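Me: Please take one part of this structure and go through it closely. I would like to see what surrounds it and how it connects to the rest.

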Amino acid sequence: MVGWRLCLLIAFLLFNFFVIALVLESSVFCFLTINGVFPDIVAIITILFGFLRGPRQGAVIGFAGGLLADILTGRLVGLGALIMAFIGALSGFMGTRFMRDRYLLILALIAVCTVLQNTLYTFGMWVFGWQIPIFDEVFGVLPYLIIYNCLLAMLLYPIISKLNHFMEKVAIVKPKDNKTV
Amino acid sequence: LQVTRWVVLFITILIIAGMIFTTSVFREELSFLEKAVLELVRPVQELTNSAFHTVKGWIEGFIKLKEAAKENEELKAELAAIYMKQSSLLEAQRQNQALRELVDLTVESPYSLVAGEIIARSPNNWLGSITINKGRRDRIQPSQGVIAPEGVVGKVGAVTSSSAEVILLTDAQSAIGGVLLSSGDPVLVEGISGSKGNTARVKLLVWGTELKVGDQVVTSGLSSVFPKGVPIGVIEEVHTPGPGETPYGILRPFVDLAKLEFVAVITDVSGLINQEGD
């Protein structure tokens with residue numbers, strides 16, 4: 001059984017993970033761009049965690065990370081959170097159906113989710129009255145974003161996989177009567 | 001229980017939609033939660049930014065070191081030490097030069113300026129904004145103009161006590177009044193979403209005005225945000241959509257917004273001559 005202390009620990013770990021990701025994104029990766037595009041680390045973390053932990057936790061993690069990113073951006077707060085929750089749930093759904101150690105599948109998932117997330121975000125911006133030159137800009141940003149996200153996902157996957165392994169390990173609590181709950 | 005779940009989900013989505021709608025328009029004041037998160041993250045961003053630039057300096061130094069080592073093998077060891085020091089010095093010198101230009105701008109300017117350092121950029125490829133390390137306690141207010149030695153950078157967005165968001169002139173929410181330097185015709189410079197901070201759109205305000213590639217655009221001085229004649233950018237392309245439709249231009253800002261490190265905020269416009277409100 002997962003206790004509230006464990007939930008708090010996991011939430012604390014993830015919060016820090018997202019804060020580090022967002023700080024890196026806003027102060028380091030914005031200078032390390034490919035054709036002016038920087039990676040979306042929060043999306044990568046959401047997709048990978050969702051893939052490893054299932055749709056429900058993927059959605060929660062995505063919502064939390066997306067909301068934090070929205071608050072830091074200060075505009076359209078909630079839009080990124082909703083989309084990221086959907087992306088987390090989607091990758092979680094995929095994770096329950098496919099082998100988790102296939103890198104090619106993970107890369108394909110990152111690419112598909114990146115396209116979906118950005119398409120939904122630009123659509124959301126349009127719904128709320130923002131002008132988006134869809135064809136020029138989406139095609140100018142998306143290909144580079146997919147490449148950058150995939151490259152970074154390959155580096156982040158072993159770390160997130162280890163963190164997930166740790167989470168799974170501590171989730172098994174052995175009470176005094178030696179029963180595994 | 002199933003019905004309750006759906007009701008909760010529906011209410012949550014309604015609340016989030018309300019949140020998105022409220023924050024989709026220009027806001028002068030942030031919510032308590034947003035302020036708290038920004039105040040919490042700001043020092044970390046500042047630290048990371050400074051650490052990154054130091055490491056960048058080292059890496060640049062290392063690259064130069066390798067080149068020098070090829071040319072002179074005997075001095076390799078000696079060069080290593082010297083170059084590491086030199087790279088840090090070069091970085092400091094470059095920053096010094098940028099600051100010096102900004103100080104000159106502040107001293108020479110007839111209006112009040114507050115210089116600020118960029119501590120973060122928007123973690124979103126679709127929104128063009130930066131965060132500076134000056135806020136309300138430095139007399140920064142929303143909607144104030146932001147410039148660099150080369151020209152216009154953008155306008156101040158939301159402000160906290162110690163930091164301020166600057167909406168770049170290339171952001172989709174940005175609109176700045178300008179004039180064509182060649183003819184004096186008024187134009188509107190609007191940002192483009194997802195343009196990666198490179199370009200903005202120039203819209204004509206007077207029918208019959210001609211846009212030409214290479215035309216320079218400067219601020220009109222018709223607002224209380226920017227003084228007259230601050231350079232905005234140069235027209236790179238002219239598009240004519242179709243018969244009856246107004247042509248528009250694509251403008252490249254004079255300021256390299258991607259490499260910007262320091263900016264100046266126009267805090268007091270009382271020195272501006274005969275300005276009218278927007």
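Reply: Here is a walk from one strand to the contact between chains.

This is a predicted model, in which local features need pLDDT of at least 70, side-chain atom pairs count only at pLDDT 80 or more, and totals for chains, interfaces and linings use all residues. Residues are numbered from 1 along each chain as its sequence is written, chains are lettered from A and ligands numbered from 1 in the order written, and side-chain values use heavy atoms, without hydrogens or water.

Start with β7 of chain B, residues 186–191. Strands here are DSSP E runs of at least two residues, helices H or I runs of at least four, numbered from the N terminus. β7(B) pairs with β6(B), residues 175–180, in the antiparallel sense over five bridges. (Pairing takes at least two DSSP bridges.) One bridge joins B:Gly178 to B:Val187. The two strands form a hairpin with five residues between them. In that turn, B:Gly184 has a positive phi of about 80°.

β7(B) also pairs with β8(B), residues 200–204. That pairing is antiparallel too, over five bridges. Here B:Gly191 stands opposite B:Ala200.

Now pick out B:Glu190, which lies in β7(B). Is B:Glu190 buried or exposed? B:Glu190 is buried, because its relative accessible area is 16% and buried means under 20% (exposed is over 50%, partly exposed in between; 1.4 Å probe, protein chains only). Its side chain makes a polar contact with the side chain of B:Lys203, at 3.2 Å. (A polar contact is a pair of N or O atoms within 3.5 Å; within protein, one must be able to donate a hydrogen and the other to accept it, and residues adjacent in sequence count only through side-chain atoms on both sides.) Leaving out residues up to four places away in sequence, B:Glu190 touches residues including B:Leu169, B:Ser174 and A:Gln131. Contact means heavy atoms within 4.5 Å.

A:Gln131 leads to chain A. The contact takes 43 residues from chain B and 41 from chain A. About 3,900 Å² is buried between them, 68% of it from carbon and sulfur atoms. (Buried area is the accessible area, 1.4 Å probe, that two parts lose on being put together, summed over both.) Two salt bridges link the chains. A salt bridge puts a side-chain nitrogen of Lys or Arg within 4 Å of a carboxyl oxygen of Asp or Glu. A:Arg75 and B:Glu165 meet in a salt bridge, 3.7 Å from N to O. On chain B's side, α1, α2, β1 and β5 each give two or more residues. α2(B) gives the most, with 11 residues.
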